[in-house]
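Let's take a friendly walk through this model, beginning with its charged side chains and moving on to its aromatic rings and its core. Keep the viewer open as you read.

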Amino acid sequence: MLADMAAIYSNLSQPTFGELLRRWRRGRRLSQADVGPVLVPTVHNSTVSCWELGLKHPSHKYFTQLLRLTGIPPELALGLLQGEVDHS
């Protein structure tokens with residue numbers, strides 16, 4: 001039981017991919033509208049917002065671009081996204 005609780009709390013403190021994306025963007029003083037046009041094809045700032053909030057996940061073509069842009073390690077990002085998937 002204690003091990004289960006520890007696992008739950010450790011997952012709560014782990015940032016999501018969207019949180020990492022938001023931290024990266026804010027750290028560079030960029031708006032969501034600044035990020036969209038850098039991607040090919042471009043995306044609207046509302047799409048970036050959905051990624052950051054975890055409402056949607058970027059497709060493979062955007063995911064790879066975001067990893068290159070932000071420097072987030074693929075292993076970390078993939079682990080985070082797998083943890084965000086609802087398996088119910």
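R22, R25 and E52 are joined in a network of salt bridges. The model you see is a predicted one, and the structure holds two salt bridges. One of them pairs E52 with R22, at 3.8 Å from N to O. This pair links distant parts of the chain, since E52 sits in helix α4 (residues 45–53) and R22 in helix α2 (residues 17–27), 30 residues apart. In the other, E52 meets R25, and here the closest N and O atoms are 2.6 Å apart. Because E52 belongs to helix α4 and R25 to helix α2, this pair ties together parts that are 27 residues apart in sequence.

Are these charged residues buried or exposed? E52 and R22 are both buried, and the E52 and R25 pair is likewise made of two buried residues. For R25, the relative accessibility is 7%, under the 20% cut-off, so this arginine counts as buried.

What else does R25 touch, once its neighbours within four places in sequence are left aside? R25 is in contact with L30, S31, Q32, V35 and E52. Its salt-bridge partner E52 is thus one of the residues on that contact list.

It is worth staying with helix α2 for a moment. Its buried residues are F17, G18, L20, L21, R22, W24 and R25. Two of these, R22 and R25, are the arginines of the salt-bridge network. An α-helix has 3.6 residues a turn, so residues three or four places apart point the same way. Just after α2, R29 adopts a positive phi of about 55°.

**Aromatic pairs**

Now to the rings. A pair of aromatic rings is described by the distance of the centres and the angle of the planes. The count for this model is two aromatic pairs, set out below.

| Pair | Centre to centre | Angle between planes | Arrangement |
|---|---|---|---|
| F17 and F63 | 5.5 Å | 50° | tilted |
| W51 and Y62 | 5.6 Å | 45° | tilted |

Why is F17 with F63 called tilted? The planes of the two rings stand at 50°, and angles that are neither under 30 degrees nor over 60 count as tilted, so the pair falls in that class. This pair links distant parts of the chain: F17 is in helix α2 and F63 in helix α5 (residues 60–70), 46 residues apart. F17 has a relative accessible area of 2% and is buried, while F63 counts as buried at 8% relative accessibility.

The W51 and Y62 pair is also tilted, with 45° between the planes. W51 lies in helix α4 and Y62 in helix α5, so the pair ties together parts that are eleven residues apart in sequence. W51 counts as buried at 4% relative accessibility, and Y62 is buried with a relative accessible area of 10%.

**The core**

F17 and W51 come up again here. The largest nonpolar core has 17 residues, and F17 and W51 are those with the most contacts inside it. Helices α2, α4, α5 and α6 (74–84) are the elements that give two or more residues to this core.

Which residues does W51 touch, not counting those up to four places away in sequence? The list runs G18, L21, L39, V43, K56, H57, P58, Y62 and L66. Y62, the ring partner of W51, is among them. G18 and L21 on that list are also among the buried residues of α2.

**The chain as a whole**

Stepping back, the secondary structure comes to six helices and zero strands. Of the 88 residues in the chain, 31% count as buried. The chain exposes about 6,000 Å², and carbon and sulfur atoms supply 58% of that area. Among contacts between residues at least 6 apart in sequence, 51% join residues at least 24 apart.

A word on confidence to finish. The average pLDDT of the chain is 84, and 80% of the residues score at least 70. Among the elements, α4 has the highest mean pLDDT (98) and helix α1 (residues 2–13) the lowest (51). Where pLDDT is low, the predicted coordinates should not be read in detail. Helix α4, with that highest mean, is the helix that holds E52 and W51.

Methods: Residues numbered from 1 in each chain as written. Heavy atoms only, no water. Salt bridge = Lys/Arg side-chain N within 4 Å of Asp/Glu carboxyl O. Helix = DSSP H or I, 4+ residues; strand = E, 2+ residues; numbered from the N terminus. Buried < 20%, exposed > 50% of the residue type's maximum accessible area, 1.4 Å probe, protein only. Phe/Tyr/Trp six-rings, centres within 6.5 Å; stacked < 30°, edge-to-face > 60°. Contact = heavy atoms within 4.5 Å. Areas by Shrake-Rupley, 256 points an atom, 1.4 Å probe, with all protein chains shown as cover. Core = buried A, V, L, I, M, F, W, Y, C linked by side-chain atoms within 4.5 Å. pLDDT = per-residue confidence, 0-100.
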